[in-house]
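Below are some questions and answers about how terms are applied to one model. Look at the sequence and the structure before reading on.

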Amino acid sequence: MSVEFLMEVHVSTDRSVTETAADCERYWLQTHVPRKTANEMRIELEQHLSEAASEGKTPTMVVGPDIAAFAEAWAAEQRSRTSGDLPTWQEVKSGAAERRRSAQMAFLLYIVSIAAVTALGYWIGKGDEGMDFEVWRWVWTILAVVMLIGEMFTAGFFLLPFGIGAGAAALLAWFEAGPAAQWITFFVVSIISLFFVRRFVHHQDDHEPTPVGSNRYLHAKAIVLETIDPAASTGMVRMESEKWRATTEGEIIEEGTPVRVIRITGSRLVVTEDDRA
């Protein structure tokens with residue numbers, strides 16, 4: 001056995017052990033296992049996997065085929081809190097749990113910022129005697145209601161930030177804070193809200209339109225019912241409960257083979273063998 005081959009095996013084993021331990025630690029942290037405990041568990045797991053690797057065992061042979069069940073069984077004994085929804089292994093692995101947590105933190109920070117700006121506006125504008133607050137109360141209240149209703153009939157979250165700003169200004173008017181403080185609060189809260197809702201505008205822009213017509217079958221899976229042979233102009237597939245004439249880009253695909261739709265030409269589906277089946 002060559003030195004290069006031994007080095008390759010060693011590096012490959014180390015990477016697998018490290019990835020397995022890192023994935024487990026990420027899951028433990030996301031499911032409320034204390035950080036110090038999760039770090040200790042990772043070190044212990046890495047040592048155990050490394051010893052097993054020196055005996056020729058892979059991480060899968062140690063933790064079993066279901067790594068999610070392995071990680072959860074270990075975590076269940078170590079959690080300091082058990083209430084609340086715990087993310088699944090797939091949610092942690094895909095990053096969905098981290099994104100959800102970041103969104104919750106951003107929303108909390110946004111609410112705290114709005115409350116702080118409104119409280120500061122009240123503190124600056126309080127005691128402004130001799131003003132007719134009645135007019136300002138209804139101006140801001142009506143403006144907030146109009147903008148929030150207008151947001152329901154428009155797209156892009158453009159009116160929503162100003163509606164929230166007007167609502168904060170209306171709150172100050174009802175508590176008799178001066179007009180200057182109301183205007184400042186309106187602009188500051190509106191700007192903060194614009195930055196916060198911008199993420200939803202990006203998500204809206206990034207959303208792909210839903211395929212319509214025959215395009216809804218693109219990338220769909222199917223089973224070959226009749227051998228597909230472009231030269232002989234034969235071929236039929238079944239997709240869900242429907243049968244379609246099918247062809248390929250040249251290769252012959254035998255009956256019973258799982259395929260995936262890559263294009264639609266006229267009334268025929270152009271398919272290729274589904275390597276992920």
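Q: What makes two residues count as a contact?
A: A contact means heavy atoms within 4.5 Å. In this predicted model, among contacts in the protein chain between residues at least 6 apart in sequence, 55% join residues at least 24 apart.

Q: Why are strand 3 and strand 5 called paired?
A: Two strands pair if there are at least two bridges between them. Strand 3 (residues 242-247) and strand 5 (residues 268-273) have two bridges, so the cut-off is met. The sense of this pairing is parallel. Within it, Ala 246 stands opposite Leu 269 in strand 5.

Q: How do you know that strand 4 and strand 5 pair?
A: Six bridges join strand 4 (residues 258-265) to strand 5. Pairing asks for at least two, so these strands qualify. They run antiparallel. Arg 260 has Thr 272 in strand 5 as its bridge partner.

Q: What lies between the strands in the hairpin of strand 4 and strand 5?
A: Two residues lie between them. In this hairpin, Gly 266 takes a positive phi near 60°.

Q: What pattern does the protein chain follow along the sequence?
A: The pattern is α-α-α-α-α-α-α-α-α-β-β-β-β-β. That agrees with the count of nine helices and five strands.

Q: What makes a residue count as buried, and how many do?
A: A residue is buried if its relative accessible area is under 20%. Of the 277 residues of the protein chain, 31% count as buried.

Q: Which atoms hold 60% of the accessible surface?
A: Carbon and sulfur atoms do, out of a surface of about 17700 Å² for the protein chain.

Notes:
Residues numbered from 1 in each chain as written. Predicted model: local features only at pLDDT ≥ 70, side-chain atom pairs only at ≥ 80, totals over all residues. Heavy atoms only, no water. Helix = DSSP H or I, 4+ residues; strand = E, 2+ residues; numbered from the N terminus. Buried < 20%, exposed > 50% of the residue type's maximum accessible area, 1.4 Å probe, protein only. Areas by Shrake-Rupley, 256 points an atom, 1.4 Å probe, with all protein chains shown as cover.
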